[in-house]
Amino acid sequence: MEARNIFLNISPIDHRYSLSEAEVFEQLSEYISEQAVITSCAKAEAALIKAHLAVRGELTAELEQAVDRAAQTIDPAAVYAEEEKTHHNIRALVNVMKTLVPPQTAPLVHLGATSVDILDTALSVRVRDCVQHVLLPQLRSLETALCATAEREAETPQVGRTHGQHAVPITFGFAIAEYVSRLGKSILEIEKRSNELKGKLAGPVGAYNGPSMIVQDPEDLERRYLAYLRLEPSEHSTQLVEPEYLLRLLLECNVAFGIIANLADDLRNLQRSEIGEVFEYFSSTQVGSSTMPQKRNPWNSEHVKSLWKAFAPRVITFYMDQISEHQRDLTNSASQRFVADYLAGFALAAARMKSVVSGLQADHENMARNLAQAGGKVKGGVLAEPAYILLAEAGVSDAHEIVRKITLEAEQTGAPFADALKAHAGAYEKIRAQLAKLGIADADAFFADPARYRGLSAEKARRLAQKYAALMRT
């Protein structure tokens with residue numbers, strides 16, 4: 001088939017993203033391009049021929065190789081040309097296949113099958129292989145990069161943020177470990193779901209009407225057919241494979257896509273001028289703005305978020321493809337074709353996010369400065385929480401109110417929270433005694449340095465990084 005000028009393409013996947021993520025696009029094309037659609041259906045037809053021959057005891061190594069060769073070398077242009085005559089894609093494929101396989105096997109092409117026995121089965125093969133050979137490697141590579149960042153930055157102090165406001169101290173590694181944990185679990189679930197996709201050889205209504213005219217055990221023929229494609233039968237088929245197998249996989253992909261978009265959003269916000277805690281790699285020739293030469297925009301993170309906005313809503317269509325009247329209608333025939341676009345968009349976003357994380361730099365000085373200035377108008381105010389907890393632990397029932405008033409005093413006088421706290425000698429002595437019980441002898445140093453109040457941030461960051469790094473290697 002004649003190659004299309006890239007500038008005449010319609011989908012941005014086929015020009016803008018095929019250029020910027022060329023390696024990933026090439027890998028995707030092997031599994032979900034139109035050529036892959038035709039080839040996968042031809043491989044399903046070949047599997048059916050081999051199953052028939054095996055049942056008859058006539059399958060030889062030579063025949064098997066010849067049938068496989070026919071499927072691998074089928075010309076999509078020839079199938080399209082035949083479809084111009086038949087106006088039926090699978091019948092066109094069958095007619096072309098009959099000319100390529102050994103003559104004695106030609107009658108076995110499509111024997112006992114309906115179109116969807118081939119289409120649904122081939123779709124499961126394509127999606128499984130695309131997920132396992134393209135998408136999962138991208139996700140695992142991203143997860144590994146996140147693990148490395150979480151471990152490297154496990155001790156880096158950072159102010160936590162809730163509701164867009166400064167909260168209590170954490171470490172940057174702990175912030176990244178959130179995504180290590182969330183994405184890691186989703187990757188494992190995607191892998192599991194990809195191995196659960198099913199196929200069928202059950203005829204027009206799923207009751208094995210046609211196959212029962214050929215063999216005594218139609219379900220044995222179905223199992224043999226699917227085994228050549230490394231699939232198992234759907235527990236119940238109409239003309240369609242039960243749609244929930246594919247739906248659950250795509251839903252988990254959408255979960256992972258959302259996690260990646262959330263990560264992109266967090267990293268984008270941490271690059272704001274007034275925060276400046278991380279920055280993406282920026283090449284020496286890169287331009288951030290067409291009019292402001294000084295700009296270094298977080299454009300990669302923004303592109304990931306934007307891809308998520310484009311593709312995540314398609315989950316509604318995945319749900320809608322659950323519905324088919326009685327044993328089958330054609331209302332999923334167009335919509336289901338766009339599963340390939342979704343997988344491509346997701347894979348390209350994952351690849352882009354991997355590049356962001358791999359080149360991500362943490363500005364330790366800005367993180368330390370933001371933490372030191374955290375607490376609103378009260379310097380060191382993020383340590384009001386431990387002061388309240390320690391005072392309550394000492395038996396003071398209105399500890400929260402006491403510390404709240406101390407923060408108001410600090411705000412009114414401009415004194416650091418630590419100085420305002422020490423001015424309340426009775427409360428401070430109780431707090432000091434509680435710190436001593438925890439093995440912290442120098443209360444003044446503790447309240448002078450918010451970074452010391454980080455809980456288990458560093459420990460959890462390391463633990464999760466090591467856990468999921470090991471899981472990504474298995």
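**View 1. Helix α20 supplies the largest share of a positive patch, three residues.** In this predicted model, helix α20 spans residues 457–473. The patch lies on the surface and carries positive charge. Its members are Lys 185, Lys 460, Arg 463 and Lys 467. Lys 185 lies in helix α8, which covers residues 172–194. The relative accessibility of Lys 185 is 46%, so Lys 185 counts as partly exposed.

**View 2. Ala 465 is a buried residue of helix α20.** The relative accessible area of Ala 465 is 1%. Buried means under 20%, so Ala 465 falls in that class. Gln 104 is a distant partner for comparison. Along the chain, Ala 465 and Gln 104 are 361 residues apart. In space, 58 Å separates their C-alpha atoms.

**View 3. Glu 280 is a buried charge with no salt bridge.** Where does Glu 280 sit? Its place is in the loop between β5 (278–279) and α11 (299–311). The nearest side chain of opposite charge belongs to Arg 352. Arg 352 is 7.9 Å away from Glu 280. Which side chain makes a polar contact with that of Glu 280 at 2.7 Å? The contact is with the side chain of Ser 301.

**View 4. Arg 230 and Asp 129 form a salt bridge between distant parts of the chain.** Side chains of opposite charge can pair when their charged atoms come close. Here the N to O distance is 3.5 Å. Arg 230 lies in the loop between α9 (218–227) and β4 (232–233). Asp 129 lies in helix α7, residues 115–152. The two residues are 101 positions apart in the chain. Is each partner buried or exposed? Arg 230 is exposed, with a relative accessible area of 56%. Asp 129 has 12% relative accessibility, so Asp 129 counts as buried. In total, the model has 24 salt bridges.

**View 5. Lys 198 and Glu 232 form a salt bridge.** Their closest N and O atoms are 3.3 Å apart. Lys 198 lies in strand β3, residues 198–199, and Glu 232 lies in strand β4, so the pair ties together parts that are 34 residues apart in sequence. Lys 198 is buried. Its relative accessible area is 12%.

**View 6. Arg 404 and Glu 401 form a salt bridge in helix α16.** How far apart are the closest N and O atoms of the pair? The distance is 2.8 Å. Helix α16 covers residues 399–413 and holds both partners. Three residues separate Arg 404 from Glu 401, about one turn of the helix. The side chains of Glu 401 and Arg 404 also meet the terms of a polar contact, at 2.8 Å. Arg 404 is partly exposed, at 38% relative accessibility. Glu 401 is partly exposed too, at 31%. Tyr 388 is another residue to find in this view. Glu 401 and Tyr 388 are 13 residues apart in sequence. Their C-alpha atoms are 8.5 Å apart in space.

**View 7. Salt bridges link Glu 189, Lys 192, Arg 193 and Glu 196 in a network.** Two members are Glu, one is Lys and one is Arg. Lys and Arg count as positive, and Glu counts as negative, so the network brings both signs of charge together.

**View 8. His 110 has a positive phi although it is not a glycine.** The angle is about 70 degrees. His 110 is placed in the loop between α6 (89–100) and α7. Is His 110 buried or exposed? His 110 counts as buried, at 10% relative accessibility.

**View 9. His 326 also has a positive phi without being a glycine.** What is the phi of His 326? The value is about 50 degrees. His 326 lies in the loop between α12 (315–320) and α13 (339–358). This residue is exposed. The relative accessible area of His 326 is 71%. Exposed means over 50%, so His 326 falls in that class.

Key:
Residues numbered from 1 in each chain as written. Predicted model: local features only at pLDDT ≥ 70, side-chain atom pairs only at ≥ 80, totals over all residues. Heavy atoms only, no water. Patch = residues over 30% accessible without salt bridge, like charges linked within 9 Å, V, L, I, M, F, W, Y side chains within 5 Å. Areas by Shrake-Rupley, 256 points an atom, 1.4 Å probe, with all protein chains shown as cover. Salt bridge = Lys/Arg side-chain N within 4 Å of Asp/Glu carboxyl O. Charge placed at Lys NZ, Arg CZ, Asp CG, Glu CD. Helix = DSSP H or I, 4+ residues; strand = E, 2+ residues; numbered from the N terminus. Buried < 20%, exposed > 50% of the residue type's maximum accessible area, 1.4 Å probe, protein only. Polar contact = N/O pair within 3.5 Å; in protein donor to acceptor, adjacent residues only side chain to side chain.
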